[in-house]
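Student: Could you take me through the side-chain contacts of a model, giving the general idea before each case?

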Amino acid sequence: MATVNIQNIQKNYGAVKVIHGIDIDIAEGEFVVLVGPSGCGKSTLLRMIAGLEEVSGGAIRIGPREVSNMPARDRDIAMVFQNYALYPHMTVAENMGFALKLKKVDQAQIRSKVTHAANILGLEKLLDRYPKQLSGGQRQRVAMGRAIVRDPQVFLFDEPLSNLDAKLRVQMRGEIKTMHQRIGTTTIYVTHDQVEAMTMADKIVVLHDGHIEQIGAPLELYDRPANMFVAGFIGSPAMNFIEGRLEEGVFRTNKGLILPLPKDLPKDIGGRGLVYGVRPEHIRASSDGIEGRATLIEGTGSEIFTRLEAHGEDIACLFRERLDVRFGDAIHIQIDLPRVHLFDKQTGRRL
Ligand code: ADP
Ligand code: MG
């Protein structure tokens, strides 16, 4: 286990800057998720930490060692990729022990480490199989086993679950979390999936266009997003953003809908363009309140997702109670006011 310290890291491909000076501090044993849309620089950043990509500027430390210019094999990290990268001609046990064999570790010790990792991952019965005789989830487990066997200072994961079907993805993310709780190795995990980030991370780093938008614990990002990018990216279905301005103690949207405001408003926010942010799950159906017409109704059994048109504004709502609503019906809604966010329209920052 080790700390990882990333200081003003930059990456250019020729004249194109893809990472713009990023700072991240990772504590010993922490599970950090780098999340952001495709192309924002997650893999590039992870590959620089791994030593698979040169840095264009800045410093990376693993524990006390500065590793920025150290070859990958000397960094004491293990990386798990989306496509597993197993050797097809080796059995599961051979795949898992291969890195140790290269290091000339003796056979008995390799066997003991492979058995230990196989126990953690439930691979005991599969050790003599070849990769083609395994399911996707089992292959992913072998790839993780190979990382565990090396007992590195840091685990790096690059979208390891992207090739699995939805159900297996949920199961495997639980298994990775359990594995982390058992062995406690510092982990940096890359995904574009905010649900994975929310459920797995001790700390989330939200990346966008090679910049950090916010770093925080999952619920901090959900409850207090720094800006509209984070507010819109974290949480599903996404937060409603409705443009307007303050008028005599209420919020008047650009289309003229009046929305209620929380009690404790930030100071000096009158007179400028604002964005009213409320999550669909913080709106409930009621017998009075704002009236709208249902333009979409999707029930899953546990909840009903509805889009309402109210005074020209489109509002997404997630109702937990079972409502008997049909397309075009009038619905009244109440907004959970303490959970309303206001953003500056110009800067996108939360006020
Ligand atoms: P992510 O993993 O978040 O999807 P990447 O780190 O793969 O994003 O890529 C970040 C940006 O860098 C993208 O715009 C991508 O096109 C660019 N990029 C990645 N690798 C190279 C390369 N070898 N040469 C030029 N541009 C690259
Ligand atoms: Mg990537």
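**Charges, rings and salt bridges**

Tutor: In this predicted model, the charged end of Arg279 sits over the ring of Tyr222, 4.1 Å from its centre; the term requires NZ of Lys or CZ of Arg within 6 Å of the ring centre and within 35 degrees of the ring normal. Lys177 has its charged end over the ring of Phe31, 4.8 Å from the centre.

Student: What should I know about numbering and about what is counted?

Tutor: Residues are numbered from 1 along each chain as its sequence is written, while chains are lettered from A and ligands numbered from 1 in the order in which they are written. Local features need pLDDT of at least 70, side-chain atom pairs count only at pLDDT 80 or more, totals for chains, interfaces and linings use all residues, and side-chain values use heavy atoms, with hydrogens and water left out.

Student: How many aromatic pairs does the search of the whole structure find?

Tutor: A pair of aromatic rings is described by the distance of the centres and the angle of the planes. Rings of Phe, Tyr and Trp (its six-membered ring) pair if their centres lie within 6.5 Å, planes under 30 degrees apart being stacked, over 60 edge-to-face and the rest tilted. The search finds 7 aromatic pairs, among them Phe229 and Phe233, stacked at 5.8 Å centre to centre with 10 degrees between the planes. These two are separated by about one helical turn, because they are 4 residues apart in helix 8 (residues 228-233); helices (H or I, at least four residues) and strands (E, at least two) are DSSP runs, numbered from the N terminus.

Student: Which salt bridges are worth following, and are their residues buried or exposed?

Tutor: Side chains of opposite charge can pair when their charged atoms come close. With a salt bridge taken as a side-chain nitrogen of Lys or Arg within 4 Å of a carboxyl oxygen of Asp or Glu, the count comes to 12. In one of them, Glu53 pairs with Lys11, the closest N and O atoms being 3.8 Å apart. Glu53 lies in the loop between helix 1 (42-50) and strand 4 (57-62) and Lys11 in strand 1 (residues 4-13), so the bridge ties together parts 42 residues apart in sequence. Both Glu53 and Lys11 are buried, where buried means under 20% relative accessible area, exposed over 50% and partly exposed in between (1.4 Å probe, protein chains only).
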